[in-house]
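The following exercises are to be worked with the sequence and the structure at hand. Each task is followed by a stepwise solution.

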Amino acid sequence: MDSSENQPQSIDVMKESIISMAIESWRFGRTFERLLNKLDAGEQSRYINQFRWFIKKVDDSLEQAQLRIVNVEGHMFDPGMAATPLNIEEFDPDDELIVDQMLEPIIMSDQGIEKTGTVTLRKVNV
């Protein structure tokens, strides 16, 4: 077997690994952000720049792999959105819905959707 035949499979494995790391980094970032919000202002400022640096490094690494994280929190929900709503059955078909919380981000590349996200929804306040 020619080694070039294994190359596409190897690239796919690497891409899946990068996507998995990006999702876990995103989750860790969300947890760290909640922790930062519980600190007093003096302690917060000591860690906020480190947090921003971490997020920038993740985004830069994803950009090098031609990937990006898409967060649709706060956007109007569209059934064609690349995210699975966990609580859609709680609403009527004519309800206007907004993405309340991203539980897992959407991962996109130049070719399109690489990984769909997971969200919870809420009604738009009228």
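**Exercise 1: Strand pairing**

Determine in which sense β1 and β4 pair, and over how many bridges.

Solution. Strand β4 comprises residues 106-109, and its pairing with β1 is antiparallel, with four bridges. Within this pairing, I69 lies opposite I107 of β4. The model under study is a predicted one.

**Exercise 2: The sheet and its edges**

State the order of the strands in the open sheet, and explain why one side of β1 and of β5 is left without a neighbour in the sheet.

Solution. Step one: the sheet has three strands in the order β1-β4-β5, with antiparallel pairing. Step two: β1 (67-70) and β5 (112-115) are at the edges and have a single partner strand each, so one side of each lacks a neighbour in the sheet. Step three: from one strand to the next, the twist averages 40°.

**Exercise 3: Environment of R30**

Decide whether R30 is buried or exposed, and identify the residues that R30 touches beyond four places away in sequence.

Solution. Step one: R30 belongs to helix α1, residues 3-38. Step two: the relative accessible area of R30 is 16%; buried means under 20%, so R30 is buried. Step three: leaving aside residues up to four places away in sequence, R30 is in contact with N71, E73, Q101 and M102.

**Exercise 4: Overall dimensions**

Set the radius of gyration of the protein against the value for a compact globule of 126 residues.

Solution. Step one: such a globule would have a radius near 14 Å, whereas the protein has 18 Å. Step two: the C-alpha atoms fill a box of roughly 60 × 45 × 20 Å along the principal axes. Step three: 29% of the 126 residues count as buried.

Methods. Residues are numbered from 1 along each chain as its sequence is written. This is a predicted model: local features need pLDDT of at least 70, side-chain atom pairs count only at pLDDT 80 or more; totals for chains, interfaces and linings use all residues. Side-chain values use heavy atoms; hydrogens and water are left out. Two strands pair if DSSP finds at least two bridges between them. Helices (H or I, at least four residues) and strands (E, at least two) are DSSP runs, numbered from the N terminus. Axes are lines fitted to C-alpha atoms, for helices over the stretch in contact, and angles run from 0 to 180 degrees between N-to-C directions. Buried means under 20% relative accessible area, exposed over 50%, partly exposed in between (1.4 Å probe, protein chains only). Contact means heavy atoms within 4.5 Å. The radius of gyration is taken over C-alpha atoms; the globule rule is 2.2 Å times the number of residues to the power 0.38.
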